[in-house]
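Subject: Structure handover

Hello,

Please find the structure below, with the sequence alongside. My notes on it follow, and you may want to keep the viewer open as you read.

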Amino acid sequence: MEQPNPKPALALRGIWKRFGAVTANASIDLEVHSGEVHIVLGENGAGKSTLMNIAFGHMQPDAGEIEIEGRPTRLTSPADAIARGIGMVHQHFALVPAFTVAENVLLGSRSARAGMLDRKGIVDEVSEVSARFGVPVDPSAVVRDLPVDERQRVEILKALHRDARILILDEPTALLGVRQIAVLLEIIDRLRDDGRAIVLVTHKLGEVMEIADRVSVIRRGRKQVELARGEFDQQVLAKAMTGQLIVDDISRSAGRDEPEVVLECRDLTVPEPSSGPPVRGLNLRVRAGEVLGIAGVEGNGQRALIDGLTGSARCEGAIRLNGEDIANALPRRLRRCGVSIIPEDRQGRGLVPDMTLAENLALVDLLAPPDDAPRFVSWRRVRAEAKELLEAFDVRPPDPDLPASALSGGNQQKVVLARELSRRPRLVVADNPSWGLDVGAIGYVHRRLVAARNDGAAIVLVSHDLDELMKLSDRIIVVYRGEISLESSRADVSLDDIGLAMAGARR
Amino acid sequence: MVSELVLITFFVTSLQLMVPILFASLGEILVERSGVLNVGIEGVMLIGAFTTALVGIESGSVGLALLAGFGSGLLCGVALSALYVRIGTDQVVTGLMFNILAIGLTSLLRDQLIGGQVGPILRGISVPGLSRVRFVGDVLAQQNALLWAGIALTPVVAVALYRTWWGLQVRAAGERPGALAASGYDVWRTRYAAVILGCGLSALGGTALVLSSSGGFVPNMVAGRGFIALGVVVLARWRPGIALLGAAVFGLAQSLQFLASQIDALAGVPRELWLAAPYVATIFVVVFSLQSRYPAAVGVPYKPGTASQH
Ligand SMILES: Nc1ncnc2c1ncn2[C@@H]1O[C@H](COP(=O)(O)OP(=O)(O)OP(=O)(O)O)[C@@H](O)[C@H]1O
Ligand SMILES: [Mg+2]
C-alpha cells in the first residue's frame with residue numbers, strides 16, 4: 001500500500017447538523033486519505049448518513065468546513081461533489097425504478113452527456129464496466145423488477161463507473177450475502193490499492209476487521225473515538241458504538257413435545273411472481289413455537305415463496321394455516337387469521353414514510369379491524385397506544401407524531417416490529433428482518449423474534465445472513481432454483497452443508 | 001346515403017379540430033414527463049390564441065402571429081414554472097387559478113384592443129403527389145401548415161424524450177427527482193426547461209385555433225380543449241405517437257355533430273348529444289386507461305436537501 005499523502009483527499013471539520021430538536025451531527029471531524037479505507041461505525045440513528053449526505057452535497061451543514069485535497073470547498077449540491085470526484089452509494093437507493101440498469105448507471109456519468117442516446121451503446125458500455133469491476137448486473141433489466149441486493153450493485157456500479165477518486169459507501173453490504181460481501185470487499189481493496197480514498201459506513205464489525213485502515217465511531221451525533229489499524233478489536237468497537245458490551249443472550253425455551261402444525265404448504269407453486277424466479281412444488285410445515293429458516297442465493301425463489309405466503313402473488317397448491325386454506329387469500333384476510341409480515345423493503349411495503357408513527361402503527365388494524373372494533377377512530381387512544389408501543393420497542397425518539405421517514409433505518413424497523421409482533425401473531429413471515437441494522441438493533445430484533453417464537457408463533461425467516469439463520473432457526477431449508485435442496489434441523493446441519501446446498505448440491 | 005362532399009367536409013373539420021389538441025397534448029407530455037401537472041394548460045392555450053390574434057391583426061403577418069403565440073406560451077411557462085417548480089405551490093389549484101385569470105384577462109384585453117376584428121389566417125397548402133388523389137387529396141387540400149407541423153413534431157418529441165440524454169434527464173425528474181439530483185443534475189433546471197418548452201407547444205394549440213378559423217379571437221374560444229388534452233395525455237400513456245392518434249379520435253368526435261346533422265336517420269337525436277360526444281369520450285378514455293401509471297413524481301414539488309426521501 002502506498003504512503004498516504006500529507007493532505008487528506010477529503011476532510012470534514014467540525015460538522016454540525018440539526019433537525020429540529022435532533023442533533024444529528026455535533027462537531028464531527030473525519031479525514032480520509034488517498035489509498036485508505038476509513039470506516040464509519042455507529043448505531044442506527046447515530047448520524048452517519050447525515051454526515052455522508054453532507055459530504056456529497058445533498059445537505060448543507062449548519063456549521064463546519066469541507067476540504068478536498070486541502071482546499072476548502074463548499075458543496076451546494078451533489079453536482080458539486082461529483083465534479084470534485086466524489087461518488088456515493090446511497091443507503092436508500094437513488095435509482096430511477098422505471099429506468100433500465102444501463103440508463104441509471106449512465107445518468108450519473110461524469111463525462112458531459114448530450115445529444116442522442118445510443119441504447120445499444122450504453123448497454124455495451126455498462127456490460128463492460130460491470131465486467132471490469134466484477135460487479136454482475138444485467139444492463140437491460142428494469143430496476144423496478146430487481147431485488148434489493150441487485151439494486152445495491154447498480155448503485156455501486158454507478159459510482160464506480162464515474163471513476164470517483166473519493167468514494168462514499170453508505171452501508172453497501174447491508175443486503176449482500178457472505179459471498180457477495182467478500183466480492184465487494186475485494187473490489188474495495190483493489191480501489192484502495194488504486195489510490196482512491198474510501199469512506200465506508202457499516203454495522204458489521206467483521207468487515208471492519210478485514211479492511212479498515214482507520215475506524216471512526218459515532219454515537220448520538222458525536223464522534224466517540226478514532227482508531228488506526230492495530231488499535232481496535234471487535235470488543236472495543238462494540239463498546240464504543242453502544243456504550244456497553246453486547247451480550248448475545250438469546251434464550252429459547254425448549255419446544256413442546258408435539259406442537260400443532262401452524263403452517264402447511266403442499267405442492268406450493270408460485271408460477272410467475274413479479275419479483276423474480278418462481279418456486280415449484282414446495283412442501284413445508286412449520287409448527288407452533290418453531291422458526292423455519294430459509295437460506296438460498298438470492299434469486300432462487302425465496303421472493304416467490306414470500307409473495308405466495310403473503311398473498312402478493314398468485315399461487316397454486318395449498319397453504320393451510322391451522323388447517324384453514326389461505327392460498328391466494330387477500331392480505332386483509334391473512335391479517336385477520338393472525339399472519340404478521342415483516343417485509344424486507346421497510347420503506348416501501350413496511351411503512352408509509354410520510355405518515356406519522358401513530359398512523360403507521362394503526363394502519364393494519366384500520367384496514368383489517370377486529371369485529372368488535374369501534375366504527376370511528378379515536379386518535380387520542382391510537383396515539384396513546386402508539387406511544388406505549390414505541391417505548392416498549394425502544395424506538396428512538398418514541399414520538400407518535402413524527403413521520404416515519406424522519407427515523408433512522410433501524411428505528412423504522414423497530415416500528416414495523418412493534419406493529420407486527422405486538423398482535424400476538426400465529427404466523428410471522430420475516431424477510432431479512434435485520435438488514436441495515438446495527439449490532440444492538442440486530443440483537444433486539446432477534447430477541448423479539450425469539451420471544452414471539454417462545455410465545456408459540458410459527459416463524460418463517462428468510463435471510464441473506466447465514467449466521468442469523470443458524471442462530472435463530474429450529475429448522476433450516478435451502479432453496480435452489482425454486483426447489484428445496486436441503487432440509488434439516490439446525491442441530492444436524494453445518495454451514496458447509498448449507499453452502500453446498502445453496503450451490504445446488506443435493507445430499 | 002351520405003354524399004362525398006359531406007364526408008369530405010367531415011374529415012376536413014376533424015383534422016382541423018385535431019391540430020389544437022395535438023399541440024396541447026405534445027406540450028403537456030413534456031411537462032408531465034418532467035414531474036409537473038399543468039392544469040393551467042387551458043389558460044396557456046387561451047393566452048396563445050389571444051396573442052396570435054392580436055399580433056396578426058396589428059401586423060398583418062401570419063408568421064409574426066405564429067411566433068407571438070409560441071412566445072406567449074414560453075412566457076406563461078416561465079411564470080408557471082416559477083410557481084410549480086421553484087415555489088412548489090399546489091399544482092392543481094395554481095393551474096385552475098391560472099385558467100380563471102387567463103379567461104378574464106383575455107376577454108378584457110379583447111374588448112379593449114381588438115374587439116371583433118380578424119387577422120390573417122393560414123391557407124391550405126397542397127401536398128405534391130397527394131393533391132391529385134381522389135377524396136384524400138380533397139381533404140388534405142384544405143389543411144394548413146400547422147397540421148403538417150404537428151404531425152412532424154410528434155416524432156421529434158418522442159425522439160427527444162426517449163432517444164436523447166436530455167429526455168432521460170426529463171423522465172428521471174418525473175420519476176425520481178432525488179435520483180436525478182444524486183446523479184449530479186439540477187432537478188429544478190430540468191423541470192423549468194420542460195415546463196417552459198411544453199407551455200410553448202401547448203400555446204401553439206391556441207394559435208392553431210385562431211389561424212385555422214377566422215384570425216380573430218372570441219372569449220373563451222379554447223372551450224375545454226386544454227382539459228381534453230389532459231385526458232389525451234393519460235390515454236396516450238405519455239407517448240407522443242399515441243397522443244397523435246388520441247387527438248385524431250377527439251377531432252372526429254368533435255365533428256360528429258356536423259356529420260349527424262347531414263344524416264336524415266339521425267335527425268331525431270338532439271344536437272346537444274353530439275356536442276357532448278368529445279367530453280363523454282374523454283371520460284370513457286380516462287376510465288378505461290385506469291391502469292396507466294402517471295410518472296411517479298407528477299405533481300410533487302421537489303425540495304433539495306431531502307436526501308432521505310428520494
Ligand atoms: N431529513 C431529516 N429530518 C429530520 N430528522 C432527520 C432527517 N434525517 C435524519 N434525521 C435524524 O437524524 C438522526 C441521524 O440520522 P441518520 O440517518 O444520519 O442515522 P444513521 O446513523 O445513518 O442511522 P442508520 O444506521 O439507521 O442508517 C436520526 O435521529 C434521524 O431521525
Ligand atoms: Mg444511515
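A good place to start is A:I294, whose bridge partner in strand 19 of chain A is A:I477. Bear in mind throughout that this is a predicted model. That pair belongs to the contact between strand 13 (residues 291–295) and strand 19 (residues 475–480) of chain A, which pair in the parallel sense over 4 bridges.

The six-stranded sheet

Strands 13 and 19 sit in an open sheet of chain A with 6 strands, in the order 16-17-18-13-19-20, and its pairing is mixed. At the edges are strand 16 (339–342) and strand 20 (483–489) of chain A, each of which pairs on one side only. From one strand to the next, the twist averages 15°.

Two helices lie across this sheet. Helix 14 (residues 409–421) of chain A crosses strand 16 and strand 17 (427–431) of chain A, and runs at about 175° to strand 16. Helix 15 (residues 439–454) of chain A lies across strands 13, 16, 17 and 18 of chain A. Its angle to strand 18 (458–462) of chain A is about 150°.

The four-stranded sheet

In general, the strands of a sheet pair through backbone hydrogen bonds, and they can do so in a parallel or an antiparallel way. Chain A also has an open sheet of 4 strands, ordered 2-1-4-5, in which the pairing is antiparallel. Strand 2 (22–32) and strand 5 (71–73) of chain A are the edge strands, each pairing on one side only. Neighbouring strands here are turned by 30° against each other on average, ignoring direction.

You can walk through this sheet strand by strand:

- Strand 1 and strand 2 of chain A are antiparallel and pair over 7 bridges. In strand 2 of chain A, A:V22 is the bridge partner of A:F19. The two strands form a hairpin with 2 residues between them, and A:G20 in the turn has a positive phi of about 55°.
- Strand 1 and strand 4 of chain A pair in the antiparallel sense over 5 bridges. A:W16 has A:A63 in strand 4 of chain A as its bridge partner.
- Strand 4 (residues 63–68) of chain A is joined to strand 5 of chain A by 3 bridges, and the two run antiparallel. A:I68 stands opposite A:R71 in strand 5 of chain A.

Helix 1 (residues 48–55) of chain A lies across strand 1 (10–19), strand 2 and strand 4 of chain A, running at about 120° to strand 1.

Where chain A meets chain B

How many residues of each chain are in contact with the other? The count is 31 residues of chain A and 24 residues of chain B. The size of an interface is often given as the accessible area lost when the parts come together. Here chain A and chain B bury about 2,400 Å² between them, and 63% of that is on carbon and sulfur atoms.

Across this interface there are 4 residue pairs in polar contact, both residues being at pLDDT 80 or more. There is also 1 salt bridge across the interface of chain A and chain B. B:R171 forms a salt bridge with A:E103, with the closest N and O atoms 3.8 Å apart.

On the side of chain A that touches chain B, helix 2 (78–83), helix 3 (101–107) and helix 4 (119–132) of chain A each supply at least two residues. The residues of that side of chain A divide into 18 nonpolar, 7 polar and 6 charged.

Regards

Key:
Residues numbered from 1 in each chain as written. Chains lettered and ligands numbered in written order. Predicted model: local features only at pLDDT ≥ 70, side-chain atom pairs only at ≥ 80, totals over all residues. Heavy atoms only, no water. Contact = heavy atoms within 4.5 Å. Buried area = accessible area lost by both parts, 1.4 Å probe. Salt bridge = Lys/Arg side-chain N within 4 Å of Asp/Glu carboxyl O. Polar contact = N/O pair within 3.5 Å; in protein donor to acceptor, adjacent residues only side chain to side chain. Nonpolar A, V, L, I, M, F, W, Y, C, P; charged D, E, K, R; others polar. Pairing = 2+ DSSP bridges. Axes fitted to C-alpha atoms, helices over the stretch in contact; angles between N-to-C directions.
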